[in-house]
Amino acid sequence: MKNIKINALASLMVNVLNIVFPLITNPYLTRILSKSSYGYFNTANTWVSFVIPLAAFGIYNYGIRSISKVKDDKNRINYIFSKLFYISILTSVITTICYFLFINSTEIENLKILYYILGIQAFFQFLNIEWMNEAYENYTFILYKTLFIRIAMLVSIFVFVKTADDIIPYTIIMSATTILNYLLSFIWIKREVRFVKVPLSDLLASFKGLTTMLLLANANMLYTLLDRMYITKGQDENFISYYTIASSIVMLIANVLGGALNVSLPRLGYYLGKKDYKAYESLVNQGSALFYFLIIPTSIGISILGTYATVIYSSEKYLEAGIVTSVFAVRTIIWAVELILGKQIIFINNYENRLTSYYFIGGGINILLNSLLFFNHLYRPEYYIATTMLAELFVVILEILFIVKHKLISLKTLFNTVFKYTAISLGFIPIYFICKTIFNINSYAITFNMLLMIICVVVISGIYYLIALYISKDKTVNYVISIAKNKIKR
């Protein structure tokens, strides 16, 4: 069994790459591309983002869980891999055909070619077998591959995207590098598995379980993706860019911090398969504590500095996206709580049907609230993020009731951690106002004083946060300090 610490480090590095490179390319793109061109891309990408998960058909999560439970049986691995790959070919082809028929039958204005270029990603979903690498815990390979793909993307963008109207070259680059990413993973994993014959009856029988996974994996369509789809129908074409920029800033960081949790999923599944419930609960509590230790102060910090972060990230051209970033950052705390409850507790315990129903109940609430906004001609993106927060909060309540009822795990430690980190992080607010007054910041223009103020807020808040947790004898801080001491002694 591979070292989980090495896996966690490799996974963290992958997610760091996934944040560092967009932090280089996205600010460049928002400054180079015209607001209208960037808006067209974000609109097309929103609709393609709706199609690609349908082609994936929930195979990703299903595959990780299925393979992680039979890693000692080579024949079962080959069988499961072959079965899911064959199904993926079928769903990718059908979805792509339906997508292009839809595009041809509707009058989509403004750079229709973007829809075609981005849509080709749906066809190549059958090559997206990264779930096999995750189930095999091949995180070192994923790290090297991600580095190569990101560098190729970075160089291509700087070479081919140079004017305000270079949106088509950018779109081609995005699709090409995505397909290359799939292809490299496929070539790598084929060294360890082989295709075997799978009876048609077995393929058909698997569709029931995969349909559940499809609904589960695509439940996000009823939340942030649904918000974006409503916003694209608004009168201001820039609103979708405001939402996308805010989402990029917040979720780039959130996904880095949350990515390490994915490393523990195969191990959690392994513990449950061995009926080692004590080890399972211990790993859930340790992983969630470290996750909340990082994500909660980060979210509150971004919510306070949202407009400054937006201006630095995308220039003053997108100043109006600042409030959207702040609201999105607050929403991330609810997202983080649900991530643990839904994925690491309910899903991993094979209650995906119940989890799916909760997601759709929350999604239904979001549709209702979004429709109320839409029919009252309210299109500002921050309103739609607020509706998603309410819907996700309702889902969290349902998940808590379910976990308590079925006694899956004690939630006391988990929520004590959330409340403590949140309460301490609220101390960042007075620190921000004090620093803002000292540096006399009265606008959002990028100046040396503004940058210095942000650095001071971040550094002072970080020191305050660590000291407060140390005084309260927080286990996570003590664990980090002990690791640091051991490293220094060595």
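# A walk from threonine 388 outwards

Start by selecting threonine 388: away from its sequence neighbours within four places, this residue is in contact with Tyr223, Thr224, Asp227, Arg331 and Asn366. Show those five contact partners as sticks, with threonine 388 in another colour. What you have open is a predicted model. Threonine 388 is found in helix α16, and that helix covers residues 381-406. Is threonine 388 buried or exposed? With a relative accessible area of 1%, threonine 388 is buried, because anything under 20% counts as buried.

**Zoom out**

Now look at the whole protein as a cartoon. How many helices and strands does the protein have? There are 20 helices and 0 strands. Draw a box along the principal axes around the C-alpha atoms, and its sides come to roughly 70 × 60 × 45 Å. A compact globule of 490 residues would have a radius of gyration near 23 Å, and the protein's own value is 23 Å, so the two agree.

Switch on the surface. About 22,400 Å² of the protein is accessible, and carbon and sulfur atoms own 67% of that area. Of the 490 residues, 54% are buried. Colour by charge next: the protein has 41 positive side chains and 24 negative ones, and the centres of these two sets lie 11 Å apart. As for how the chain meets itself, take the contacts with a separation of 6 or more: 84% of them link residues 24 or more positions apart.

**Into the core**

Hide the surface and select Trp131, Met132, Phe291, Tyr292, Ile345 and Met453. The largest nonpolar core has 144 residues, and these six touch the most other members. Which helix gives the most to this core? Select residues 239-273: that is helix α11, which supplies 17 residues.

Stay with one of those six, tyrosine 292. Leaving out neighbours within four places in sequence, tyrosine 292 is in contact with Pro297, Ala336, Val337, Ile340, Leu414, Thr417, Val418, Tyr421 and Tyr465. Apart from this core lies another one, of 9 residues; to find it, select Val14, Leu17, Phe141 and Leu154, which are among its members.

**Threonine 325 and tyrosine 308**

Next stop, helix α14, residues 322-347, where threonine 325 lies. Threonine 325 is buried, with a relative accessible area of 0%. Not counting residues up to four places away in sequence, threonine 325 touches Ala246, Ile249, Val250, Ile302, Gly306 and Thr310. Try a distance between C-alpha atoms here: tyrosine 242 is 83 residues from threonine 325 along the chain, yet the two are separated by 8.5 Å.

Another C-alpha distance takes you from threonine 325 to tyrosine 308; they are 17 residues apart along the chain and separated by 9.8 Å. Tyrosine 308 lies in helix α13, residues 306-314, and counts as buried at 2% relative accessibility. Beyond four places in sequence, tyrosine 308 is in contact with Tyr432, Lys436, Ile441, Ser443, Tyr444, Met450, Met453 and Ile454. You have already met Met453, in the list of core residues that touch the most other members.

**A stop on helix α4**

Select residues 74-105 to light up helix α4, and pick out serine 88 there. Serine 88 counts as buried, at 6% relative accessibility. Its contacts, setting aside residues up to four places away in sequence, are Ile59, Gln125 and Phe126.

**Out to the loops**

Now for some loop residues. Lysine 233 lies in the loop between α10 (224-231) and α11. Is lysine 233 buried or exposed? Lysine 233 counts as exposed, at 52% relative accessibility, since the cut-off for exposed is over 50%. Even so, beyond four places in sequence, lysine 233 is in contact with Trp47, Phe374 and Tyr379. For a longer line across the screen, join the C-alpha atoms of lysine 233 and valine 284: they are 51 residues apart in sequence and 41 Å apart in space.

Move on to asparagine 350, in the loop between α14 and α15 (352-375). Asparagine 350 counts as partly exposed, at 42% relative accessibility. Check the backbone: phi of asparagine 350 is near 70°, a positive value in a residue other than glycine.

Finish at histidine 377, in the loop between α15 and α16. Histidine 377 also has a positive phi, near 60°, and counts as exposed at 57% relative accessibility. From here, helix α16 leads back to threonine 388, where the tour began.

How values were computed. Residues numbered from 1 in each chain as written. Predicted model: local features only at pLDDT ≥ 70, side-chain atom pairs only at ≥ 80, totals over all residues. Heavy atoms only, no water. Core = buried A, V, L, I, M, F, W, Y, C linked by side-chain atoms within 4.5 Å. Buried < 20%, exposed > 50% of the residue type's maximum accessible area, 1.4 Å probe, protein only. Helix = DSSP H or I, 4+ residues; strand = E, 2+ residues; numbered from the N terminus. Contact = heavy atoms within 4.5 Å. Rg over C-alpha atoms; globule rule 2.2 N^0.38 Å. Areas by Shrake-Rupley, 256 points an atom, 1.4 Å probe, with all protein chains shown as cover. Lys, Arg positive; Asp, Glu negative; His and termini not counted. Charge placed at Lys NZ, Arg CZ, Asp CG, Glu CD.
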